[in-house]
2 protein chains.
Amino acid sequence: MPEIFFNPKSIAIIGATSNPKKFGNSVTKNLLQNPNLSAEIYLVSLGSKEINGIKTHSSIFDIPHPIDLAILLVPAKFVPSVVDDCIKKPVKRIIIVTAGFGEMGLEGKKIEQNIAQKCRTAGIRVIGPNCVGIENCNRGMNASFIQTPRTGNISFVSQSGSFGAGCLYEFAEQDMGCAKFTNLGNAIDLSFNEVLEYYRTDSETQVIAIYLESLKDGRKFYKSLQKLAKDKPVVVLKGGRTSTGLAAAESHTGSIASNYIILKTAVEQAGGVMCESMSDYIAALKTFSYLPNPKGNRIGILTSSGGSGVLYSDQAEEYGVSLHQFPEELKNKIRPLFGPLVKIRNPLDMIAGATEENYYQVTKIMLESKDIDIVVPLSLVPPFMQQEPQEHMRGVLRAWNETGRKKPVIPLMVYAEGFKELQQLRSENDFPLFFTPKEAAYSTKLLIDRMKFLQRT
Amino acid sequence: MPEIFFNPKSIAIIGATSNPKKFGNSVTKNLLQNPNLSAEIYLVSLGSKEINGIKTHSSIFDIPHPIDLAILLVPAKFVPSVVDDCIKKPVKRIIIVTAGFGEMGLEGKKIEQNIAQKCRTAGIRVIGPNCVGIENCNRGMNASFIQTPRTGNISFVSQSGSFGAGCLYEFAEQDMGCAKFTNLGNAIDLSFNEVLEYYRTDSETQVIAIYLESLKDGRKFYKSLQKLAKDKPVVVLKGGRTSTGLAAAESHTGSIASNYIILKTAVEQAGGVMCESMSDYIAALKTFSYLPNPKGNRIGILTSSGGSGVLYSDQAEEYGVSLHQFPEELKNKIRPLFGPLVKIRNPLDMIAGATEENYYQVTKIMLESKDIDIVVPLSLVPPFMQQEPQEHMRGVLRAWNETGRKKPVIPLMVYAEGFKELQQLRSENDFPLFFTPKEAAYSTKLLIDRMKFLQRT
């Protein structure tokens with residue numbers, strides 16, 4: 001059912017404005033500025049005769065074409081009558097961006113219920129009100145007032161619009177790409193579960209991101225997660241886990257939030273990942289967006305920093321991931337590469353001064369070994385000996401590419417977010433970077449959990 | 001006792017080299033390139049006649065001046081005889097950077113014990129071997145092969161050199177400054193506790209950062225922490241918390257690591273902070289480096305992103321920090337600033353579109369209120385309506401400055417690390433930024449814990 005929302009042939013923006021200080025302007029600009037979007041776009045505006053060189057219409061009835069999707073940006077008090085116009089036209093789908101309804105109290109709730117009822121009768125599906133909108137990135141459609149992420153394989157449904165925007169900033173920072181983005185706002189019609197089902201069948205979606213504050217039907221959600229998780233990794237973050245957070249969430253979305261422990265158990269039983277923080281959430285999405293499933297749980301670690309290898313080992317064990325000892329066969333392959341200062345064990349501490357060639361050779365040996373399923377190359381960018389910040393990872397990448405990227409590699413660059421050269425290597429070569437031992441250990445755990453889940457089902 | 005290490009009048013670099021691919025070159029360059037360093041520097045080299053325009057000496061005896069500090073970079077096999085030369089000269093202090101001693105096994109241990117014994121007899125204190133060196137940032141002395149952080153109030157002692165370097169990268173990213181840095185390596189003479197005692201009495205040190213893998217004398221460490229924590233916040237991260245990490249740590253530093261739970265309890269009883277991850281470690285140091293102690297535990301939160309306010313509330317409660325309701329007096333002051341869409345409660349969700357002026361006014365009201373002890377301004381940089389990424393925090397900063405920065409303000413910019421304008425605002429105005437709800441909640445908890453600890457003692 002959401003198909004027409006994400007792939008409309010024609011869009012009417014009602015309440016478009018040339019005033020850059022208003023939301024309506026952002027939505028209008030976002031829709032107009034993408035040359036790849038093939039939909040026809042019509043602007044309905046009372047205040048502006050022309051916006052971005054496009055003549056506006058004074059009402060939806062003045063548009064001499066059928067409209068698939070109407071996006072409503074007019075003030076709350078005008079929304080009911082504009083919805084009536086949309087029904088009369090008729091349009092196929094409506095997104096109400098405008099806030100000031102159910103989240104304000106009983107009166108607003110009545111108004112939005114009334115809108116929902118009318119549209120249901122007319123066979124028109126509705127997203128919103130009180131939402132930031134939706135995006136179909138691969139089609140170049142940004143029907144929201146937030147930013148446009150790069151295209152990719154993550155589809156995201158967020159119950160908080162601004163939190164969704166925050167995540168998209170981090171997607172950009174970490175070079176993660178999006179397929180679809182949805183914020184349902186007060187969700188008077190189109191439901192969370194319908195969006196999830198759409199994502200499940202969408203061929204561009206390989207990972208599903210959910211930010212949840214409240215649930216209308218927990219049982220339905222559980223069933224839809226069960227179906228979903230078999231096909232695609234599902235990553236969930238819940239706002240309102242504690243009584244304090246719950247109170248804040250109720251105020252925010254106007255609906256009663258559910259018991260966290262029950263929800264967490266249900267998500268995990270269904271095969272989804274329940275994250276405890278934003279950082280974990282981003283790490284989980286990055287992992288599934290970039291890395292293939294492992295075939296087993298044997299991890300090989302190489303590092304230039306002993307301390308960071310220790311911290312990774314700690315965090316891994318705290319996540320229930322244990323390191324195995326290298327078998328003799330593997331040790332014998334690694335030993336000739338190093339002098340006496342390097343002890344041949346797991347984690348392999350190649351000590352400060354390890355070179356690109358060391359990283360290449362050891363990563364390759366591990367990727368080709370039948371005794372290693374996941375490789376964790378850990379590098380502390382050396383600030384000495386004229387080494388380049390990206391050289392270790394260049395070696396890792398070469399080994400990963402030469403072996404067809406069949407095994408997951410979790411590249412950990414300890415606290416090196418700031419390096420331009422590294423960011424460039426990443427964006428040119430389409431691989432993820434992790435920045436703390438904890439993040440890399442969490443990623444390892446998730447890959448192993450997912451493998452076990454897929455083996456069970 | 002460590003005074004002469006950090007403030008030598010003359011330094012001899014023994015094993016200086018012009019080969020940029022060797023550690024020795026990095027140490028030499030680090031010491032020479034700082035124009036603020038007033039110490040005389042002499043180079044001893046067999047390979048190079050001149051390095052960076054400075055003539056070298058072929059032995060320490062050729063230097064016609066007294067030497068306070070000798071830094072040894074020569075290969076391990078030459079170290080014992082060079083130490084003999086240093087004793088004969090005599091020098092006052094020795095740093096042995098060279099690796100290949102106790103961490104290699106029994107034979108190496110014997111050699112370093114022998115060196116320690118000789119130096120003790122001669123009254124010469126030693127740092128190392130197998131270390132990256134030390135730094136006195138305010139004096140412009142970088143006697144290490146790692147990078148030079150900006151000057152500041154954090155003094156750092158790390159049992160892993162490379163991990164220390166990783167943290168210094170993150171200090172740069174987050175605009176945190178250093179007073180002193182020490183890596184003792186195998187620590188055959190100068191001890192951890194002596195360094196801590198030196199930091200305690202050092203007037204430039206206001207926060208103490210410890211990275212620990214193993215302890216020689218737990219009881220002494222506890223006593224020195226007790227003394228320390230009363231004067232200055234002490235932040236500890238332990239590598240080798242788990243059996244996996246322990247095994248990795250033993251291989252790394254060559255000494256037996258201690259039971260984590262006992263250590264954690266001891267650190268916390270002594271009044272220190274024990275962190276569970278690198279991210280927490282950086283967050284704790286940032287907090288104490290920048291923020292004053294609160295007078296109470298009443299937190300006022302303002303936000304432009306409801307979802308992020310919910311996540312902060314969750315994380316705060318998970319850290320045992322509860323939010324109180326705003327008293328009527330405070331609500332009455334805030335209410336006139338907003339329209340009906342903004343509910344006057346804690347957290348105050350000013351909704352997307354909140355302005356610089358909103359942030360300024362609400363932060364100021366909270367900072368001036370007798371009912372608020374800590375202010376948490378939470379902003380999601382709006383990607384719409386032509387708002388600037390730094391404008392919310394500009395408002396917060398103005399309010400903080402106008403009230404004399406007496407109360408702690410924890411500015412949370414959700415996932416906005418990448419914004420140049422924000423980084424510039426920060427570096428020009430000397431204030432911290434936090435980037436995830438969890439980080440800000442952890443910072444809140446630490447400030448309250450520290451306040452309670454100081455009230456108790």
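**Why the labels fit: a chat about chains A and B**

Colleague: Why does A:Asn346 count as buried?

Modeller: Because its relative accessibility is 2%, and buried means under 20% relative accessible area, with exposed over 50% and partly exposed in between (1.4 Å probe, protein chains only). So the label fits A:Asn346.

Colleague: What am I looking at, and how is it numbered?

Modeller: It's a predicted model, where local features need pLDDT of at least 70 and side-chain atom pairs count only at pLDDT 80 or more, while totals for chains, interfaces and linings use all residues. Residues are numbered from 1 along each chain as its sequence is written, chains are lettered from A and ligands numbered from 1 in the order in which they are written, and side-chain values use heavy atoms, leaving out hydrogens and water.

Colleague: Where does A:Asn346 sit?

Modeller: In the loop between helix H12 (328–334) and strand S16 (348–349) of chain A. Those names are DSSP runs, numbered from the N terminus: helices are H or I with at least four residues, strands E with at least two.

Colleague: What makes its link to A:Ile301 a polar contact?

Modeller: A polar contact is a pair of N or O atoms within 3.5 Å; within protein, one must be able to donate a hydrogen and the other to accept it, and residues adjacent in sequence count only if both atoms are side-chain atoms. A polar side-chain atom of A:Asn346 lies 3.1 Å from the backbone nitrogen of A:Ile301, so the distance is inside that limit. The side chain of A:Asn346 also reaches the backbone oxygen of A:Ile299 at 2.9 Å. Beyond four places in sequence, the residues in contact with A:Asn346 (heavy atoms within 4.5 Å) include A:Leu323, A:His324 and A:Phe326.

Colleague: How do you know that S15(A) and S16(A) pair?

Modeller: Two strands pair if DSSP finds at least two bridges between them. Strand S15 (residues 299–303) has 2 bridges to S16(A), running parallel, so the rule is met. A:Thr303 stands opposite A:Asp349 there. The open sheet has the order S16-S15-S17-S18.

Colleague: Why is S18 of that sheet called an edge strand?

Modeller: S16 and strand S18 (412–413) of chain A each pair on one side only.

Colleague: What makes S12(A) mostly covered?

Modeller: Strand S12 (residues 207–212) has 6 of its 6 residues buried. A:Val207, A:Ala209 and A:Tyr211 are on one side, with A:Ile208, A:Ile210 and A:Leu212 on the other. In general, side chains alternate between the two faces of the sheet in a regular strand. S12(A) joins strand S13 (residues 234–238) in parallel over 5 bridges. The chain crosses from S12(A) through helix H7 (residues 218–231) to S13(A), a right-handed β-α-β crossover. Right-handed means that, with the strands pointing away from the viewer, the path from the first strand over the helix to the second runs clockwise.

Colleague: Why is A:Arg241 with B:Glu318 called a salt bridge?

Modeller: The definition asks for a side-chain nitrogen of Lys or Arg within 4 Å of a carboxyl oxygen of Asp or Glu. Here the closest N and O atoms are 2.9 Å apart, so the pair qualifies. Chains B and A share 2 salt bridges.

Colleague: How much area do chain B and chain A bury between them?

Modeller: About 6200 Å², 60% of it on carbon and sulfur atoms. Buried area is the accessible area (1.4 Å probe) that two parts lose on being put together, summed over both. B:Tyr169, B:Met385 and B:Tyr415 supply 12% of the area chain B buries against chain A, more than any other three residues.
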